[in-house]
Amino acid sequence: MVIGSPTCNSNQKMRHDRFGNNICCYTVTCAQGQKFAFCENDQGHDTCTNCPENTYHLDIIDTSIMTSELDPCIPRPTCEQPEVKLENGRCVCDRSRGYFGNDFNNCMLAEIVCSSPGFELRDNGTNCEPCDEDFFKPEASAEHICRRKSHCHESQEIANDGSTTVDRSCKARTLWNVSPLKITTEQHSSNTTIPIDKENCSSVLLNITKQLKNLQKEVKKLNRRNTQIHEKLRALRRKRKEKTGTRRKKIEMHKRKQKSQHLQLYQWIK
């Protein structure tokens with residue numbers, strides 16, 4: 001039996017369950033390589049699941065705009081044709097071999113040859129243009145496209161950014177080329193921030209040395225104080241032990257005195 005229509009929120013979509021009743025579903029956004037399914041119960045959520053093995057798709061799917069379920073997953077291309085290569089998950093015409101075109105099933109061979117250093121074949125296949133920024137082509141070759149320049153690691157810096165014919169070169173990063181660092185030292189509960197650069201590096205090292213010496217002095221003071229505390233504790237233990245021994249002696253003397261008095265009283269009564 002079909003019941004009345006519920007009122008859905010702005011982030012929900014009205015759908016139908018398997019009995020034909022109107023229900024409200026929370027929508028989701030599925031990433032590339034995922035398929036979707038509508039919720040089956042009121043106040044449920046649409047779901048995303050990965051495409052089966054050897055299938056894929058490159059779309060972002062927002063279920064709020066979908067009116068029916070469909071399977072977006074398609075067989076993953078093999079790109080087995082010699083004029084085709086796999087690029088970013090899809091088959092494209094291989095410009096490195098001189099082929100161009102938007103349909104990888106109908107790639108065309110360019111009539112021009114872009115073998116000159118610093119130039120590559122464009123997608124339209126009709127002209128050669130200089131390499132894009134961050135790309136280079138070092139020598140005349142049969143390849144028709146430029147290569148991406150080398151990337152310097154965090155521990156390196158650019159020695160030479162290169163050109164359309166020369167790759168980027170890197171060198172080890174030195175202290176003077178590091179962005180200004182800050183060292184925070186602590187003295188008498190106050191913080192001092194010192195920027196490091198080539199001019200004041202010696203003064204910074206001197207300051208750190210002084211701070212270390214001050215810390216060493218503080219450690220020695222703490223050690224002396226700790227020794228004094230231990231000596232006081234040992235003295236207190238000795239006094240307590242002596243006091244306990246004195247009390248025991250007094251108690252024993254009192255017991256002997258009482259015993260002597262009892263003995264004298266017993267003899268007198270006898």
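**Figure 1. Glu 129, a partly exposed residue, and its partner Arg 122.** Glu 129 is partly exposed, with a relative accessibility of 32%. This view, like the others, shows a predicted model. Glu 129 forms a salt bridge with Arg 122. The closest N and O atoms of the two are 3.0 Å apart. Is Arg 122 buried or exposed? Its relative accessibility is 16%. Buried means under 20%, so Arg 122 counts as buried.

**Figure 2. Arg 122 and Asp 132 meet in a salt bridge.** The N to O distance between these side chains is 3.0 Å. The pair links distant parts of the chain, 10 residues apart. Asp 132 sits in the loop between β15 (128-130) and β16 (135-136). Arg 122 sits in the loop between β14 (119-121) and β15. Asp 132 has a relative accessibility of 38%. Partly exposed covers values from the buried limit of 20% to the exposed limit of 50%, so Asp 132 counts as partly exposed. Which residues belong to the network built by salt bridges that share partners? They are Glu 120, Arg 122, Glu 129 and Asp 132.

**Figure 3. Glu 120, a buried member of the network.** Glu 120 forms a salt bridge with Arg 122. Here the closest N and O atoms are 2.9 Å apart. Why does Glu 120 count as buried? Its relative accessible area is 6%, and buried means under 20%. Now look beyond this view. How many salt bridges does a search of the whole structure find? The search finds 11.

**Figure 4. The largest pocket and its lining.** About 330 Å³ of space lies in this pocket. The lining has 16 residues, and the closest to the pocket centre are Glu 87, Val 92, Cys 93, Arg 95 and Asp 123. Rolling a probe the size of a water molecule over the atoms shows where empty space is left. Which strands each supply at least two lining residues? They are β10 (84-87), β11 (90-93) and β12 (99-100). Sort the lining by class. Seven residues are nonpolar, seven are charged and two are polar.

**Figure 5. A nonpolar patch on the surface.** Three residues form this patch: Ile 229, Leu 233 and Leu 236. Together they have about 260 Å² of accessible area. Start with Ile 229. Where does Ile 229 lie? It is in helix α1, which runs over residues 201-269. Ile 229 is partly exposed, at 43% relative accessible area. A patch residue needs over 30%, so Ile 229 passes that cut-off.

**Figure 6. Two loop residues with positive phi, Asn 54 and Asp 134.** Asn 54 is not a glycine, yet its phi is positive, at about 70 degrees. Its place is the loop between β6 (47-50) and β7 (55-56). Is Asn 54 buried or exposed? Exposed means over 50%, so Asn 54, at 56% relative accessibility, counts as exposed. Now turn to Asp 134. Its phi is about 75 degrees, again positive although Asp 134 is not a glycine. Asp 134 is found in the loop between β15 and β16. With a relative accessible area of 25%, Asp 134 is partly exposed.

**Figure 7. Two cysteines in strands, Cys 30 and Cys 48.** Cys 30 belongs to strand β3, residues 29-30. Its relative accessible area is 0%, so Cys 30 is buried. Follow the chain from Cys 30 to Asp 59, 29 residues apart in sequence. In space, their C-alpha atoms are 8.6 Å apart. Cys 48 lies in strand β6. Cys 48 has a relative accessible area of 28%, so it is partly exposed. Cys 48 and Phe 38 are 10 residues apart in sequence. Their C-alpha atoms are 9.2 Å apart in space.

**Figure 8. Phe 136, a buried residue of strand β16.** Phe 136 has a relative accessible area of 7%. That value is under the 20% limit, so Phe 136 is buried. What separates the C-alpha atoms of Phe 136 and Thr 165 in space? The distance is 5.1 Å, although the two residues are 29 residues apart along the chain.

Technical notes: Residues numbered from 1 in each chain as written. Predicted model: local features only at pLDDT ≥ 70, side-chain atom pairs only at ≥ 80, totals over all residues. Heavy atoms only, no water. 1 Å grid on protein atoms, 1.4 Å probe; cavity = no way out; pocket = protein on both sides within 12 Å on 5 of 7 lines; lining within 4 Å. Points joined across faces, edges and corners; volume = space filled by probe spheres on them. Helix = DSSP H or I, 4+ residues; strand = E, 2+ residues; numbered from the N terminus. Nonpolar A, V, L, I, M, F, W, Y, C, P; charged D, E, K, R; others polar. Patch = residues over 30% accessible without salt bridge, like charges linked within 9 Å, V, L, I, M, F, W, Y side chains within 5 Å. Areas by Shrake-Rupley, 256 points an atom, 1.4 Å probe, with all protein chains shown as cover. Salt bridge = Lys/Arg side-chain N within 4 Å of Asp/Glu carboxyl O. Buried < 20%, exposed > 50% of the residue type's maximum accessible area, 1.4 Å probe, protein only.
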